[in-house]
Amino acid sequence: MSNSTPIKTPLSDGSVDWLLNFERGAKQASSAFLKAYYQSSVPAADTPLSRVPFLAMDFETTGLDASRDEIVSIGVVPFTLERIHYSQSKHWLVKPIAPLNADSVVFHGITHRDLDEAEDFENVIEPLLKVMAGRVLVVHYRYIERPFLYRALEQRINEGVVFPVVDTMAIEASLCRSSMWARIKQKLGIKPESIRLGDSRMRYGLPNYPSHHALTDALATAELFQAEVAYHLSPETPIGDIWL
């Protein structure tokens, strides 16, 4: 892929004031863990990407509907544009309240036996919020991690959590599906380029990792974001231009 294809328009419309949301959260949260998370705040929207501490996150779940499905595995990897801190990464298996369904087992390979010794999600809340504190989350497809985490906290502590994310899939979509050539291909009935995690990584020459393991996918997402910045953004790009 050429490095001459810049993202010309910000992904974010800037309508959400995340600093203000965190200030409100710190005042209103009842949970001590959640209050501490909001008190850690987030970088200002004009902070350049080179100065932002990131946390790649990936969940494996029992399905795709956050209103009825649950998290069974969490992987997180702290990183910056310059370095991935894999030694500080964490992986949890967590017991869902409802039984696993056969379809999800096919995807992530996590079985009831694997979950016999797993943590209840309630025990994971504090360490998870601590590792999230002060960092901007990076995910591949924001419609999983953000709603599932909100719902999981709501079920255990009666209040959800909100936070900004950088979505590597949204960046790929803006590159692969918004160009003039992409629109021509659509009119010609040509299948659009895949923006799945593995296919997106291939466009940057990144290695192929086994998918559907939360920690591996979090690492893969961190590497993909570093590549997207190197090819299409700038270390000086304000975080507020791309967080959602």
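A residue counts as buried when its relative accessible area is under 20%, as exposed when that area is over 50%, and as partly exposed in between, with a 1.4 Å probe and protein chains only. The model on your screen is predicted, and for this reason local features need pLDDT of at least 70 and side-chain atom pairs count only at pLDDT 80 or more, while totals for chains, interfaces and linings use all residues. Residues are numbered from 1 along each chain as its sequence is written, and side-chain values use heavy atoms, with hydrogens and water left out.

**First stop: Arg-68 and Asp-65**

Select Arg-68, which is exposed at a relative accessible area of 64%, and then add Asp-65, which is partly exposed at 29%. Their side chains meet in a salt bridge of 3.8 Å from N to O, the term being used for a side-chain nitrogen of Lys or Arg within 4 Å of a carboxyl oxygen of Asp or Glu. The structure holds 7 salt bridges.

**Second stop: Arg-142 and Asp-167**

Now select Arg-142 and Asp-167, which form a salt bridge whose closest N and O atoms are 3.0 Å apart. Arg-142 lies in helix α5 (residues 142–157) and Asp-167 in strand β6 (residues 165–167), so this pair ties together parts that are 25 residues apart in sequence. Helices (H or I, at least four residues) and strands (E, at least two) are DSSP runs, numbered from the N terminus. Are these two partners buried or exposed? Arg-142 counts as buried at 19% relative accessibility, and Asp-167 counts as buried at 3%.

**Third stop: along helix α5**

Stay in helix α5 and select Glu-154 with Arg-151, a salt bridge in which the closest N and O atoms are 3.7 Å apart. The two residues are 3 apart in the helix, which means that about one helical turn separates them. Glu-154 is partly exposed at 32% relative accessibility, and Arg-151 is partly exposed at 29%. Then select Glu-172, Glu-193 and Arg-203, which are joined into one network by salt bridges that share partners.

**Last stop: helices α6 and α9**

Finally, select helix α6 (residues 168–176) and helix α9 (residues 214–232), whose axes come within 10 Å and cross at roughly 35 degrees. Axes here are lines fitted to C-alpha atoms, for helices over the stretch in contact, and angles run from 0 to 180 degrees between N-to-C directions. To see the contact (heavy atoms within 4.5 Å), show Thr-168, Ile-171, Glu-172 and Leu-175 in α6, which meet Thr-221, Leu-224, Phe-225, Glu-228 and His-232 in α9.
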